[in-house]
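Okay, thanks everyone for coming. I'll walk you through one model today, so have a look at the screen.

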Amino acid sequence: MDESRQSSSGAVGAVLRKAAPPPALCGYLLLLALIFTVSYAVGVGAGPVAPGMHGTSTSGDGSGGPDDTGDMDDMQGGHG
(Lines give C-alpha, C1' and ligand atoms only; values in the text may rest on other atoms or scores of the structure.)
Protein backbone atom coordinates (compact mmCIF):
# COMPACT_ATOMS: atom_id res chain seq x y z
CA MET A 1 0.00 0.00 0.00
CA ASP A 2 2.93 2.34 0.61
CA GLU A 3 4.11 1.78 -2.94
CA SER A 4 0.84 2.98 -4.46
CA ARG A 5 1.00 6.21 -2.45
CA GLN A 6 4.56 6.89 -3.47
CA SER A 7 3.93 6.20 -7.13
CA SER A 8 0.84 8.43 -7.22
CA SER A 9 2.63 11.31 -5.51
CA GLY A 10 5.61 10.79 -7.81
CA ALA A 11 3.33 10.95 -10.85
CA VAL A 12 1.76 14.17 -9.63
CA GLY A 13 5.21 15.67 -9.05
CA ALA A 14 6.31 14.69 -12.55
CA VAL A 15 3.20 16.27 -14.07
CA LEU A 16 3.79 19.48 -12.11
CA ARG A 17 7.41 19.58 -13.22
CA LYS A 18 6.39 19.19 -16.84
CA ALA A 19 3.69 21.88 -16.52
CA ALA A 20 6.04 24.42 -14.93
CA PRO A 21 7.95 26.75 -17.28
CA PRO A 22 11.71 26.27 -17.55
CA PRO A 23 13.81 28.25 -15.06
CA ALA A 24 15.49 30.21 -17.86
CA LEU A 25 12.11 31.54 -18.99
CA CYS A 26 11.21 32.56 -15.45
CA GLY A 27 14.54 34.35 -15.10
CA TYR A 28 14.08 36.12 -18.43
CA LEU A 29 10.59 37.33 -17.49
CA LEU A 30 11.85 38.50 -14.10
CA LEU A 31 14.70 40.42 -15.76
CA LEU A 32 12.27 41.94 -18.28
CA ALA A 33 9.98 43.13 -15.48
CA LEU A 34 12.94 44.56 -13.57
CA ILE A 35 14.20 46.50 -16.63
CA PHE A 36 10.71 47.86 -17.31
CA THR A 37 10.34 48.99 -13.70
CA VAL A 38 13.71 50.73 -13.65
CA SER A 39 13.11 52.45 -17.00
CA TYR A 40 9.66 53.61 -15.85
CA ALA A 41 11.14 55.03 -12.64
CA VAL A 42 13.85 56.88 -14.61
CA GLY A 43 11.21 58.31 -16.96
CA VAL A 44 9.07 59.52 -14.08
CA GLY A 45 12.11 61.09 -12.47
CA ALA A 46 13.16 62.85 -15.68
CA GLY A 47 9.75 64.48 -16.10
CA PRO A 48 8.08 65.50 -19.33
CA VAL A 49 10.21 65.79 -22.45
CA ALA A 50 8.70 69.10 -23.54
CA PRO A 51 7.00 71.01 -20.71
CA GLY A 52 4.00 72.94 -21.95
CA MET A 53 3.41 70.59 -24.87
CA HIS A 54 -0.19 69.46 -25.01
CA GLY A 55 -1.92 66.62 -26.80
CA THR A 56 -2.87 66.95 -30.44
CA SER A 57 -6.22 68.43 -31.31
CA THR A 58 -8.30 67.39 -34.31
CA SER A 59 -10.10 70.73 -34.62
CA GLY A 60 -8.97 73.07 -37.39
CA ASP A 61 -9.05 76.21 -35.23
CA GLY A 62 -5.29 76.77 -35.28
CA SER A 63 -4.73 75.22 -31.88
CA GLY A 64 -1.85 73.03 -33.00
CA GLY A 65 -3.84 70.21 -34.49
CA PRO A 66 -2.70 68.02 -37.38
CA ASP A 67 -4.15 70.43 -39.98
CA ASP A 68 -2.34 73.44 -38.52
CA THR A 69 0.66 74.23 -40.74
CA GLY A 70 1.63 77.42 -38.93
CA ASP A 71 4.17 79.48 -40.89
CA MET A 72 4.74 76.79 -43.52
CA ASP A 73 1.95 78.21 -45.78
CA ASP A 74 4.35 80.67 -47.42
CA MET A 75 6.79 77.94 -48.45
CA GLN A 76 4.24 75.85 -50.34
CA GLY A 77 3.57 78.36 -53.10
CA GLY A 78 7.22 79.01 -53.89
CA HIS A 79 6.97 82.64 -52.78
CA GLY A 80 10.13 83.96 -51.45
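Let's start with the outside: how much accessible surface does the protein chain have, and what share of it belongs to carbon and sulfur atoms? The accessible surface comes to about 7200 Å², and 65% of that belongs to carbon and sulfur. Keep in mind that this is a predicted model.

Now the layout. Going along the sequence, you'll read α-α-α: the protein chain has three helices and zero strands. And of its 80 residues, just 1% count as buried.

Let's zoom in on helix α2, which covers residues 23–46. With 24 residues at 1.5 Å each, α2 should span 34 Å. In the model, the C-alpha atoms at its ends are 35 Å apart, which agrees with that expectation. How many of the residues of α2 are buried? The number is zero, so this helix lies largely in the open. Right after α2 comes G47, and this glycine takes a positive phi of about 85 degrees.

Next, a surface feature. L31, L34, I35, V38 and V42 form a nonpolar patch, and together they have about 480 Å² of accessible area. Take I35 from that group: you'll find I35 in helix α2. Is I35 buried or exposed? Its relative accessibility is 52%, and the cut-off for exposed is over 50%, so I35 counts as exposed.

One bit of background for looking at helices: an α-helix has 3.6 residues a turn, so residues three or four places apart point the same way.

That's the tour, so over to you for questions.

Note on methods: Residues numbered from 1 in each chain as written. Predicted model: local features only at pLDDT ≥ 70, side-chain atom pairs only at ≥ 80, totals over all residues. Heavy atoms only, no water. Helix = DSSP H or I, 4+ residues; strand = E, 2+ residues; numbered from the N terminus. Expected span 1.5 Å × (residues − 1). Buried < 20%, exposed > 50% of the residue type's maximum accessible area, 1.4 Å probe, protein only. Areas by Shrake-Rupley, 256 points an atom, 1.4 Å probe, with all protein chains shown as cover. Patch = residues over 30% accessible without salt bridge, like charges linked within 9 Å, V, L, I, M, F, W, Y side chains within 5 Å. Salt bridge = Lys/Arg side-chain N within 4 Å of Asp/Glu carboxyl O.
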